[in-house]
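Hi everyone, thanks for coming. I'd like to walk you through one model today, so please have a look at the sequence and the structure on the screen.

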Amino acid sequence: MKLVRCIAMCTALSLAGLATSFAQQVQTDFDHRADFSQYKTYSWEQIKPANSLWTSRIKNAVDNQLTAKGWTLVDQSADVAIMAIETTQTQRTLDTFYDGFGGWGWRGFGGFGDATTTERDYKEGTLVVDMYDAKSKKLIWRGSTEDSLSGKPANNEKNLEKGVAKMFKAFPPGWGRH
């Protein structure tokens, strides 16, 4: 019974670790001296996706969030210039399963049982969105989202939208401060 409980616990911990290792990670940072209440318009300077099919998807995801915050996209004389860079890379994970901790052996000491380790490669995508004050050309805000990529483009597009929504959840920084 202890063996079954131990295997169940190891399996549960492995699954919990696996779920958190593939969870979407979002980070933001900003210039604490920047007065975000002065910014109302933005324009796109550059979007550099790893795959050109993603240019409009990235732009639409960011545009939707900024429009919801009351910002307006303009062709020229914007308050803020935006750049976005998307990259993909292959990551490797090792999964180890222990099938028990052995039994009683020579002089009452047992072995550690058998362990099976498998390697698995997966693609990870990162999107970085930078905002620059258009007049001073200084970086005022940076957001990034990182997630495992699926073999299905529709799933990746949903994850992009979720990641960008999380990125802009507390945007603009200091909103509501006086």
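Let me start with a definition: a residue is buried under 20% relative accessible area, exposed over 50%, and partly exposed in between, using a 1.4 Å probe and protein chains only. With that in hand, take Lys-137, which is exposed, with a relative accessible area of 62%. Lys-137 sits in the loop between β5 (115-133) and β6 (139-148), and although it is not a glycine, its phi is positive, about 65°. Helices here are DSSP runs of H or I with at least four residues, strands are runs of E with at least two, and both are numbered from the N terminus.

Now the ground rules. This is a predicted model, in which local features need pLDDT of at least 70 and side-chain atom pairs count only at pLDDT 80 or more, while totals for chains, interfaces and linings use all residues. Residues are numbered from 1 along each chain as its sequence is written, and side-chain values use heavy atoms, with hydrogens and water left out.

How far can we trust it? pLDDT is the predictor's confidence in each residue, from 0 to 100. The protein chain averages 80, and 69% of the residues score at least 70. Among the elements, strand β3 (residues 72-73) has the highest mean, 98, and helix α1 (residues 2-21) the lowest, 42. Over residues 3-21 the pLDDT is below 50, and beyond near neighbours in sequence this stretch makes 12 contacts in the model; a contact means heavy atoms within 4.5 Å. Where pLDDT is low, the predicted coordinates should not be read in detail.

On to the overall picture. The protein chain has three helices and six strands, and from the N terminus they run α-β-β-α-β-β-β-β-α. Of its 178 residues, 29% count as buried. Looking at contacts between residues at least 6 apart in sequence, 73% join residues at least 24 apart.

Which strand does β2 pair with in the parallel sense? Strand β2 (residues 41-48) pairs with β3, over two bridges, and two is also the minimum number of DSSP bridges we ask for before calling strands paired. Tyr-42 has Leu-73 in β3 as its bridge partner. Between β2 and β3 the chain passes through helix α2 (residues 55-68), giving a right-handed β-α-β crossover; right-handed means that, with the strands pointing away from the viewer, the path from the first strand over the helix to the second runs clockwise.

My favourite residue is in that helix: Asp-63 lies in α2. Is Asp-63 buried or exposed? Asp-63 counts as buried because its relative accessibility is 10%. Leaving out residues up to four places away in sequence, Asp-63 touches Tyr-42, Trp-44 and Leu-73. Its side chain also makes a polar contact of 2.7 Å with that of Tyr-42. A polar contact is a pair of N or O atoms within 3.5 Å; within protein, one must be able to donate a hydrogen and the other to accept it, and residues adjacent in sequence count only if both atoms are side-chain atoms.

Next, helix α3 (residues 153-167), where we find Lys-162. Lys-162 counts as exposed because its relative accessibility is 52%. Its C-alpha is 8.9 Å from that of Ala-61, although the two are 101 residues apart in sequence.

One last backbone detail: the peptide bond from Phe-171 to Pro-172 is cis, with omega near -5°. Pro-172 lies in the segment after α3. Thanks for listening!
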